[in-house]
Amino acid sequence: MTTTQQILDELNHIPSEGINPTSEHIDLMTTTEALQCINQQDSLVTNAVAQAIPEIAQAVNAAVVCLNQGGRLVYIGAGTSGRLGILDAVECRPTFSVPSNVVVGIIAGGETALVNAVEGAEDDISAAQQDLENIQFNQQDMLIGIAASGRTPYVIGALNYAKSINAATACIVCNPNAPLIEIADIGICANVGPEVLTGSTRMKSGTAQKLILNMISTTSMIQLGKTYKNLMVDVNATNQKLVARAIRIVMQATDCEKQVAMDALSIANNSAKLAILKILTNSDVTTCENLLAGNGGFLRKALDAV
């Protein structure tokens, strides 16, 4: 069991736990000065993420292989990291019309931990294996462990289990000396430096993690044919806003009138991708479905094949 002294020693070597000289006197600043300080520090995050693009690309490529083979992309983390993973997973469903079990988020402590702190959950190294077994995690799946410090026992346990069954693994950390980097197949590190509030990794570290998760899921879905140009042609129109967005997407892609888009969507069972293909090729829905199926679901390839 890790002692308090060992944890203190570890924290001394984690950049996000250092004292930030820029904000050392933030308690004496005016509201505007404090906000400017936070904003200036936030501006450093995108460059830190940019430095990790080669590793992010590796993670995307691995995820695409996994998803193409029928596997799942699973995020796992504790606290802020776990919540960010779940957020990204949940948003993939309406944005790209993927089933709820394709991109999955797991947080230490379960659903309760989404809105409440679950004491000790992140320190339970064995709970992660149980949580993964509960979703029948297997070697076809890919696991991405998220932890700003890169030393969270729960996430370490998760990656070790995934490695033991030969599943693909990656990690997203903000500590270049993170133990998780040594465990994962792909180690993504955005070294954002010390936080404005020392150790408050919900700030710059959390922002970096959110950016990276956006990049991984979005680019993976692009590589799977879920977009046409930069349009979300696989949007799942499950509410009024998304229905309106689907209509707008069809109009933008085909330069047609609103009623034409609405009629095509009605015939295409609200599939923007099918509606666009129908309008641009003047084909029936069955022909369009076959065109898409024959081109891996890629709308641009289907159009090129006509």
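This is a short tour of the sheet, one helix across it and two pockets.

Before you start selecting, note that the model is predicted, so local features need pLDDT of at least 70 and side-chain atom pairs count only at pLDDT 80 or more, while totals for chains, interfaces and linings use all residues. Residues are numbered from 1 along each chain as its sequence is written, and side-chain values use heavy atoms, with hydrogens and water left out.

**Stop 1: the sheet**

Show the strands first. You will find 5 of them in an open, parallel sheet, ordered S2-S1-S3-S4-S5. Here strands (E, at least two residues) and helices (H or I, at least four) are DSSP runs numbered from the N terminus, and two strands pair if DSSP finds at least two bridges between them. Select S2 and S5 (186–189) to see the edges, where each strand pairs on one side only. Neighbouring strands are turned by 20° against each other on average, direction ignored.

Now pick S1 (residues 73–77) and S3 (residues 142–146), which pair in the parallel sense over 5 bridges. For one bridge, click Val74 and then its partner in S3, Leu143.

**Stop 2: helix H5**

Add H5, residues 79–96. H5 lies across S1, S2 and S3, and runs at about 155° to S2. Contact means heavy atoms within 4.5 Å; axes are lines fitted to C-alpha atoms, for helices over the stretch in contact, and angles run from 0 to 180 degrees between N-to-C directions.

**Stop 3: the largest pocket**

Select Ala78, Gly79, Thr80, Glu122 and Thr152, which lie nearest the centre of the largest pocket among its 28 lining residues. Helices H1 (4–11) and H5 are the elements that give two or more residues to this lining, and H5 has the largest share, with 4 residues. The space amounts to about 630 Å³.

A pocket is an open set of points on a 1 Å grid over the protein atoms alone, where a 1.4 Å probe fits and protein lies on both sides within 12 Å along at least five of seven lines; lining residues have an atom within 4 Å of a point. Its volume is the space filled by probe spheres set on the points, which are joined across faces, edges and corners.

**Stop 4: the second largest pocket**

Which element gives the most to the lining of this pocket? Select S2 (103–107): S2 contributes 4 residues. H5 also supplies at least two. Among the lining residues to click are Ile86, Val90, Arg93, Ile107 and Glu111. About 210 Å³ of space lies here.
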